Amino acid sequence: MKGHTKIAIVGGGIVGCSIAYHLTLLGEKDVVILEKGDLTSGSTWHAAGLVGQLRSSRNVTQMLKYSVDLYGRLEAETGQHTGFEPVGGIRVASSEDRYKELQRAATMSKTFGLPMDILTPAEVVALFPAMIQDEIAGAANLPTDGFAEPSSVTMALARGARNRGATIYTETRVTDMQVRGDGTFQMETSQGTLTSDYFVNCAGNWAYELGQMVGVNVPVQPMEHQYMVTKPLDGVPKGLPTLRDPDNLVYYKEENQGLIMGGYEHNPKVWAYEGIPQDFGQQLLPADYEQFEGISQLSLRRTPCLENAEIIKLINGPEAFTPDGDPIMGEAPDLKNYFVAAGFNAFGIAAGGGAGKMMAEWILEGAPSIDLWALDILRFGKYHHSRAYVRDRTIESYAHHYAMSWPHEEFESCRPLRTSPLFTRLKEQGAVFGVKFGWERPNWFAPKGVEARDELTFGRPNWFEHVGNEHRHIRKKAALIDQSSFAKFEVFGPGSLDFLQKITCNEMDKPPGTLTYTQMLTEDGGIACDLTVTAIEKNNFYITTGTGFETHDLAWMRKFLPPDNSVYIQTVTSARSVLNLCGPLSRKILQSLTRDDFSNEGFPYLTAKEITLGYAPVRALRVTYVGELGWELHIPAEYALYVYNLLWEAGKEFDLINAGYRAIESLRLEKGYRYWSGDITPDYTPYEAGLGFCVKLGKGKFNGRDALIQQKEKGVQRKLCTITVDNPRAVAVGKEAILDGEKVIGNVTSSGYGYTVEKTILLAYLPIEYANPGTEVNVEIMMQTFAGIVEKTAVYDHNSSRIKS
C-alpha cells in the first residue's frame with residue numbers, strides 16, 4: 001500500500017469513483033480510493049438505478065444533466081458496460097393539485113433547458129401500458145431521463161480513473177484518522193497507514209462516523225428503503241420509461257419485462273441510529289413486508305397487474321438521507337482540505353456523474369464551475385450536530401419525498417428550536433412562524449378572528465391580504481419586525497481594516513459609526529457573500545448577514561485570515577436581538593423615547609450610534625431592506641423584550657403594528673433589493689447584478705478586482721432586471737420563464753407581489769439587449785403566458801428619497 005497520496009477518497013461507491021474519474025480527467029493522477037469492502041458495496045449495489053434530472057434548483061439540474069451526458073458516452077470510452085438506457089421518465093399527476101405542480105415543473109424545466117412534454121392520460125398509458133388510466137389528471141415525460149445499472153456505471157468510472165493513474169484499494173477499512181500538525185491527514189487502515197494532503201468523505205451511510213474521527217459533522221441518517229422485483233408480467237414490454245406516481249407514493253422501472261416497484265412511505269423507518277454495526281458490509285436488511293404493505297396497496301391503484309405478480313425479492317437496503325433532502329457536498333467548515341460528498345437521498349445514481357465533476361473542481365480549483373449552495377455542507381449549523389435533530393428532521397424529509405411541493409411550505413418537525421426573546425409575545429399577537437437555520441421567524445400576523453396558519457395552494461394564499469396590510473402599513477406608518485435571527489459577527493484586531501479591505505469590494509476605511517453595504521467576491525468576481533459592515537471604532541467592525549448564511553460567511557472570512565493572529569472573528573448572533581422599526585413614522589416613535597438626535601442631520605442614512613432607549617443600551621443602525629425610513633435596533637438579548645414593550649407602548653399613538661418576513665419580501669422586490677443565494681450568487685458579478693456602486697476599484701487590491709476590471713472594460717452581457725406583470729392571475733413564486741416569443745431569454749431569481757404598485761414583480765437575468773426599461777417580454781407561469789415589461793430596478797421610490805429623508 002502507498003504511504004502517501006495527494007488525494008484520498010474513502011468510499012468506493014458511484015460518487016467516490018466518479019470523483020476519482022474526474023480528478024484524473026483534470027490531470028491529477030495521485031488519487032487513492034479506499035473501500036472497506038468491494039466497490040459499490042455500500043448502498044450503490046442495491047440502488048434501483050433510476051436517473052431523473054429535474055430538481056428545484058437550476059444548477060443542481062445542470063449537474064444531473066451532466067450525469068446523463070456522461071453515462072451516455074462512458075461505455076464507449078472505457079469499454080465497460082454501464083446499462084444506461086435513456087428511455088424517458090414519466091411523472092403522473094393523480095390529482096388536480098399535482099397537475100398544477102407538473103405545470104409549474106414544465107415551466108421550470110423550460111428555463112433549465114431540459115426537454116419535458118405534457119401528456120394526456122391516454123398518451124401516458126400508451127407509453128406505459130402496464131398502468132391504468134383511472135384518476136390521471138395529466139402527466140409529463142422527460143425524454144432524456146432513464147435508468148442505469150448502478151454497479152456497472154460505477155465500475156466504468158473506476159476503470160476510467162484507473163486508466164489515468166488512480167489507485168483503488170478494496171477490503172481496506174479506515175479504522176482511525178487524525179489531522180497532523182502540517183494540516184495533512186493520517187489514516188490508519190486495515191492494510192496499513194496512509195497520509196494525504198486532501199481527504200474526501202464519500203462513505204455514504206458511514207459518513208457521519210468517518211467524519212467524527214476528526215471532528216467533522218456530516219448530518220446523514222441511514223433510512224430503510226424498500227422496493228420489490230417481479231417476474232415477467234403480461235403487458236410489460238422491454239424499454240418502458242421509468243414512472244413516478246407521487247400521489248400514490250410509488251415509482252417503477254422495467255426490468256426483464258417485469259417491474260421494479262418502490263416508494264416513499266409517510267412512516268419511514270430509521271436504521272442504525274445508535275451506530276452502524278461494525279460487521280455490516282455488502283448486506284441487505286431483512287425484508288419488512290408489513291412496512292411495505294402500504295406502498296404495495298397504493299401501487300395497485302396505478303398498476304393492478306401487480307396484484308397477482310410473482311415477487312422475486314423484496315429488497316430492503318439502507319440509504320443515507322439528510323435533514324433537508326439534499327446531498328451534502330463541499331469543504332468542511334472546520335477543517336481545511338477535508339471534503340464531503342455524501343447523503344444523496346436515494347438519487348445518488350442520477351447525481352453521481354455530475355457530483356464527481358463538481359467535487360473534482362471543488363478540490364482542485366477551489367470551487368465548482370456552477371454555484372451549488374443548495375448542496376453545500378456550509379448550509380448546516382451547530383444544531384445539526386444533534387443526532388436526535390438529524391434523525392427527526394430526516395424522517396420528515398424522507399416522508400415528504402413524494403409529497404406536494406407547495407410554495408411557501410415549512411418544515412414542522414423539531415420546532416420550536418431557536419427562538420428570540422420575543423417569540424412568546426409575538427405568538428400571543430397572532431404571529432405565524434416560519435423556520436430558517438433553526439430560528440423561528442414571524443412570517444405574518446393573523447388578525448383577531450383569523451386562524452394563525454398557512455393554507456397551502458398554488459393560487460393566492462390565505463395570508464395574501466394580511467401581508468398586503470402589513471406592507472401598506474410600513475409604506476404609510478410604521479411596523480416592528482423581529483429580525484433577531486440575522487447572523488452577526490465582530491471582526492477586530494490590529495489587522496482588521498486591512499483584512500476587510502482585501503476581502504470586500506467596497507471601501508472599508510471609513511469613520512467609526514459608518515455603515516457599508518458590500519460584497520465579498522471570488523477571484524472570478526462572483527458574489528460569495530453579501531453583507532453590511534459597521535465601523536465601530538478603528539479596527540473594530542460589526543457585520544450582519546442573512547440568517548441562513550452564518551456558517552457559510554464565517555467559513556469564507558476564515559479562509560483569508562492572516563497567519564499572524566492580527567485578526568479575530570467572533571460570532572455574536574445569539575448575543576444580540578434585532579428589532580427593525582421601519583416606516584415613515586419610525587423617527588417620531590424613537591424620538592419620543594430618547595434624548596439622542598434622530599433627525600436626518602443628526603442621524604444620517606447608513607450611520608450607526610450607540611444609544612439608550614429607556615433603560616436599555618441599543619446599537620441603532622439606520623439602514624433598510626424594505627425601502628422606507630427605519631432603523632435596525634441591535635439589542636443585547638436580555639433587554640430585547642423590554643425594548644419591544646417600550647416601543648410598542650410608544651407606538652400606539654402612531655398606529656404601530658407587527659409585521660413579518662413575507663411583507664419584507666414584497667417590500668424589497670418593489671425596491672429591487674437582492675437576496676444572496678437567489679438573485680446574487682458566485683455565478684454573477686456585482687456589475688451584472690446592478691451592484692456596481694458597491695465596487696471601489698480605486699481602493700487597491702481585493703479579491704476579484706482583476707476580473708471586475710476586465711469585465712468593466714468589455715461590458716456585461718447580462719443584467720439583473722426587474723419585470724412586472726399587470727395581471728391578477730399571474731401568481732409567481734419563482735423559477736418562471738422569461739420569453740421572447742417561444743425563446744427562453746432569462747431565468748427568474750425572485751418573484752412575488754408588490755402591494756404598492758399592485759403588480760407581480762420578478763427579478764431575472766436578461767441578455768443586455770433586453771435589459772432596457774420599457775422592453776416588452778413574455779412571462780410563463782405554470783404554462784400560462786403573460787405580458788411583462790422590463791422596469792427600472794426599483795419600481796417604488798426609484799431615487800430612494802424616502803429612505804434618505
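Colleague: Which residues of α5 are buried?

Modeller: Keep in mind that this is a predicted model. In α5 the buried residues are Pro150, Ser152, Val153, Thr154, Ala156, Leu157, Ala158, Gly160 and Ala161.

Colleague: And what do those buried residues of α5 pack against?

Modeller: Three helices and a strand come up here: α1 (14–25), α2 (58–78) and α8 (348–365), plus β8 (167–169).

Colleague: What span should α5 have, and how far apart are its end C-alpha atoms?

Modeller: Helix α5 covers residues 150–163, 14 residues, so at 1.5 Å a residue it should span 20 Å. The end C-alpha atoms are 20 Å apart, which agrees.

Colleague: Nice. What does Gly165 do just after α5?

Modeller: Gly165 takes a positive phi there, about 115°.

Colleague: Back to α2 and α8. How are they placed relative to each other?

Modeller: Their axes come within 7 Å and cross at roughly 100°. An angle from 65 to 115 degrees counts as roughly perpendicular, so that is how α2 and α8 are described.

Colleague: Which residues make the contact?

Modeller: From α2 there are Met63, Leu64, Tyr66, Ser67, Leu70 and Tyr71. On the α8 side you have Ile349, Ala350, Ala351, Gly352, Gly353, Gly354, Ala355, Lys357 and Met358. By class, that gives ten nonpolar, four polar and one charged residues.

Colleague: New topic: where is Ser577, and is it buried or exposed?

Modeller: Ser577 sits in strand β27, residues 576–582. Its relative accessible area is 4%, so Ser577 is buried.

Colleague: What does Ser577 touch?

Modeller: Leaving out residues up to four places away in sequence, Ser577 touches Pro421, Ser484, Leu633, His634, Ile635, Ala637 and Ala640.

Terms used: Residues are numbered from 1 along each chain as its sequence is written. This is a predicted model: local features need pLDDT of at least 70, side-chain atom pairs count only at pLDDT 80 or more; totals for chains, interfaces and linings use all residues. Side-chain values use heavy atoms; hydrogens and water are left out. Helices (H or I, at least four residues) and strands (E, at least two) are DSSP runs, numbered from the N terminus. The expected span of a helix is 1.5 Å times one less than its number of residues. Buried means under 20% relative accessible area, exposed over 50%, partly exposed in between (1.4 Å probe, protein chains only). Contact means heavy atoms within 4.5 Å. Axes are lines fitted to C-alpha atoms, for helices over the stretch in contact, and angles run from 0 to 180 degrees between N-to-C directions. Angles under 35 degrees count as roughly parallel, over 145 as roughly antiparallel, 65 to 115 as roughly perpendicular and the rest as oblique. Ala, Val, Leu, Ile, Met, Phe, Trp, Tyr, Cys and Pro count as nonpolar, Asp, Glu, Lys and Arg as charged, and the others, Gly among them, as polar.
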